[in-house]
Amino acid sequence: MSDVLTIAMPKGRIFEEAAELLRKANFQLPPEFDDSRKLIIDIPEENMRFILAKPMDVTTYVEYGVADLGIAGKDVMLEEERDVYELLDLKISKCYLAIAGLPNTSTSRVAQKVATKYPNIASTYFREQGEQVEIIKLNGSIELAPLIGLADRIVDIVSTGRTLKENGLVEMGHIGDITSRLIVNPVSYRLKDERIDDIVNRLAEVVDQL
Ligand code: PRP
């Protein structure tokens, strides 16, 4: 079993697009792959094992080598700065990191509060801008923070823009575009390079046609 390739898949919104990409690249994933509550799914036909992880944790599994490969958002890679290699931009789950707040929020007051799931990205960004801010780490529903007076601004992912709009928030800056990436553990890549290159080539062909 040692040549089984383990892949960390993010649960949630990236999962569906990632599974579709794998199927288009001709990996035989059974239908129950999509609905299962199992956290480890073996696909013996492909000699693959999938670990279903929280998106924020995918880079951790890959860095520690318990997964050879992973599918991770660029946002997670920037936030976590794990020791992994990026092999391919899968061009799925497109979104961007933005700064937002209530309309007419003044940015001139010193030591503003910024709420985010991405404390490292946010502090680097504001440091580079020469702005002194206090970062407040939240784990979700970030858009709540300005509405209830916890923070002046937020740093968060924008996809369709609906969440901002429906909560009366406006964009105040663009930090960077985000897509999901195929990542690899450096040691796995040395030991299993042929198999991994084959996966990269098959996925790259599908991505090129997107
Ligand atoms: C993400 C993000 C925004 C929302 C943006 O949250 O943090 O809240 O999606 O999407 P939209 O622009 O299409 O509205 P997610 O749904 O992952 O949940 P979370 O609040 O738990 O982070």
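A polar contact is taken here as a pair of N or O atoms within 3.5 Å. In this predicted model, a polar side-chain atom of Thr163 lies 2.4 Å from an oxygen atom of the ligand, a separation that falls within that cut-off. Two acidic side chains also approach the ligand through such atoms: an N or O atom in the side chain of Glu143 is placed 2.7 Å from a ligand oxygen atom, and a distance of 2.7 Å likewise separates an N or O atom in the side chain of Asp156 from an oxygen atom of the ligand. Of the 490 Å² of accessible area that the ligand has on its own, 73% is covered by the protein. The ligand is surrounded by 13 residues, of which Arg13, Lys117, Glu143, Thr160 and Thr163 come nearest.

As regards the nonpolar interior, the largest core comprises 32 residues, and within this core Met9, Phe33, Phe50, Leu69, Leu90, Leu182 and Leu203 touch the most other members. At least two residues of the core are supplied by each of strands E1 (5-10), E2 (40-43), E3 (48-53), E4 (69-73) and E11 (180-184), and by each of helices H1 (13-24) and H9 (193-208); the largest share, 7 residues, comes from H9. When residues up to four places away in sequence are not counted, Met9 is in contact with Phe15, Ala18, Ala19, Leu22, Phe33, Phe50, Ile51, Leu52, Ala53, Val58 and Ile71. Another core, of 11 residues, lies apart from the largest one and includes Ile99, Ile121, Ala122 and Tyr125.

Definitions and conventions: Residues are numbered from 1 along each chain as its sequence is written. This is a predicted model: local features need pLDDT of at least 70, side-chain atom pairs count only at pLDDT 80 or more; totals for chains, interfaces and linings use all residues. Side-chain values use heavy atoms; hydrogens and water are left out. A nonpolar core is a set of buried Ala, Val, Leu, Ile, Met, Phe, Trp, Tyr and Cys residues joined through side-chain atoms within 4.5 Å. Buried means under 20% relative accessible area, exposed over 50%, partly exposed in between (1.4 Å probe, protein chains only). Helices (H or I, at least four residues) and strands (E, at least two) are DSSP runs, numbered from the N terminus. Contact means heavy atoms within 4.5 Å. A residue is near a molecule or strand if one of its heavy atoms lies within 4 Å of it. A polar contact is a pair of N or O atoms within 3.5 Å; within protein, one must be able to donate a hydrogen and the other to accept it, and residues adjacent in sequence count only if both atoms are side-chain atoms. Accessible areas come from the Shrake-Rupley method with a 1.4 Å probe; for residues, only the protein chains shown count as cover.
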